[in-house]
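This report describes the salt bridges, the pocket lining and a surface patch of one protein chain. Please consult the sequence and the three-dimensional structure alongside the text.

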Amino acid sequence: MTGRQNLGVIVGDIPDKEWKKVRTNMRSILAVIFVFFFLVFNLPVMFVLWIVGKFNRKKADLAELAIVNWAFRCVMFISGVKLKVKGRENIPDDEPVLYVGNHRSFFDVICTYPQVKGRTGYIAKDGINKVPILGMVMKRLYCLFIHRDDMKQSLKVILTAIDYVKDGISIAIFPEGTRCHDTDPCAMLPFKEGSFKIALKSGCKIIPMAITGAGDILENHMPWIKKGVVTITYGTPIDPKQLDKEQQKQIGSYVRDVVHAMLIEAYNEI
């Protein structure tokens with residue numbers, strides 16, 4: 001007799017649909033509990049790495065990066081995410097880049113962060129940085145927080161990101177500015193052109209990334225997490241210096257078209 005059959009003797013027969021609901025609820029609760037305890041227990045680790053950073057900042061950064069990547073992998077495991085990655089060889093090993101992707105889910109960051117090569121900061125909307133402990137961790141990892149309605153503050157964030165890239169730190173952005181909720185899985189919002197000044201002014205390459213399936217994990221049935229397959233496809237690097245003047249002027253639209261074509265191709269392969 002299996003464990004489920006034994007339990008069935010005690011609580012009675014439970015339909016498969018109800019079992020799926022129980023597993024979904026448990027998966028969601030366990031993910032929240034894990035994140036809470038990780039953030040709490042990471043505090044003393046951050047303090048130690050802060051001291052290490054006084055002597056070797058890059059070493060401390062890479063250690064914190066490895067710890068957070070491990071945590072994100074644990075969240076994916078608990079959440080039942082099966083991750084497929086294509087084209088990771090397109091990411092350079094020895095230079096900072098600007099990652100640019102479509103945005104459907106909170107899991108976009110959780111799934112893409114463990115794939116970065118080297119120190120990388122994400123640009124997120126203002127407000128997340130006010131979450132206790134989480135904001136501290138994100139700032140420690142060079143994340144920047146942008147207020148979409150404050151042009152002066154937004155420009156300051158872009159300038160800081162440019163300085164980060166010049167210092168060897170990659171930046172990841174979702175230029176739609178918010179999550180796309182269109183029922184068409186290939187639909188995308190317009191890309192905000194200002195974000196691409198990071199690449200234009202720093203001279204770094206742009207790595208287009210198409211993310212499929214992330215919305216099916218959480219956003220399509222908030223607040224519960226359901227297992228599923230997430231595919232990340234990294235495209236051929238785009239060198240802004242190799243684009244003509246018109247393409248540079250409309251670089252947001254140009255990159256959006258590249259990511260959109262990658263999305264369509266990814267869904268055609270499913």
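A network of salt bridges links Arg-57, Asp-61, Arg-119 and Arg-140. The model in which this network appears is predicted. Across the whole structure, a search finds eight salt bridges; three of them are described here.

**Salt bridges**

| Side-chain pair | Closest N to O distance |
|---|---|
| Asp-61 and Arg-119 | 3.1 Å |
| Arg-140 and Asp-61 | 2.5 Å |
| Lys-205 and Glu-95 | 3.4 Å |

Asp-61 and Arg-119 meet through their side chains in a salt bridge. Because Asp-61 belongs to helix α3 and Arg-119 to the loop between α4 and β3, this pair ties together parts that are 58 residues apart in sequence. Asp-61 has a relative accessibility of 3% and therefore counts as buried, the limit being under 20%. Arg-119, at 15%, also counts as buried.

Asp-61 forms a salt bridge with Arg-140 as well. This pair links distant parts of the chain, with Arg-140 in helix α5 and Asp-61 in helix α3, 79 residues apart. Both Arg-140 and Asp-61 are buried.

The salt bridge between Lys-205 and Glu-95 connects strand β6 (residues 205-212) with the loop between β1 (81-86) and β2 (97-101), so parts that are 110 residues apart in sequence are tied together. Lys-205 is partly exposed, with a relative accessible area of 25%. Glu-95 likewise counts as partly exposed, at 31% relative accessibility.

**The largest pocket**

The largest pocket holds about 1600 Å³ of space. Its lining comprises 50 residues, and those nearest the centre are Phe-106, Val-109, Ala-124, Ile-128 and Met-138. Two or more lining residues come from each of α2 (16-55), α3 (57-79), α4 (107-112), β3 (120-125), α5 (134-140) and α6 (151-166). Helix α2 gives the most, with eight residues. What is the make-up of this lining by residue class? The lining of the largest pocket has 37 nonpolar, eight polar and five charged residues.

**A nonpolar surface patch**

Met-26, Ile-29, Leu-30, Ile-33, Phe-36, Phe-37, Val-40, Phe-41 and Trp-224 make a nonpolar surface patch of about 870 Å². Among these residues, Ile-33 is found in helix α2. The relative accessible area of Ile-33 is 40%, so this residue is partly exposed and passes the cut-off of over 30% that applies to patch members.

Key:
Residues numbered from 1 in each chain as written. Predicted model: local features only at pLDDT ≥ 70, side-chain atom pairs only at ≥ 80, totals over all residues. Heavy atoms only, no water. 1 Å grid on protein atoms, 1.4 Å probe; cavity = no way out; pocket = protein on both sides within 12 Å on 5 of 7 lines; lining within 4 Å. Points joined across faces, edges and corners; volume = space filled by probe spheres on them. Helix = DSSP H or I, 4+ residues; strand = E, 2+ residues; numbered from the N terminus. Nonpolar A, V, L, I, M, F, W, Y, C, P; charged D, E, K, R; others polar. Patch = residues over 30% accessible without salt bridge, like charges linked within 9 Å, V, L, I, M, F, W, Y side chains within 5 Å. Areas by Shrake-Rupley, 256 points an atom, 1.4 Å probe, with all protein chains shown as cover. Salt bridge = Lys/Arg side-chain N within 4 Å of Asp/Glu carboxyl O. Buried < 20%, exposed > 50% of the residue type's maximum accessible area, 1.4 Å probe, protein only.
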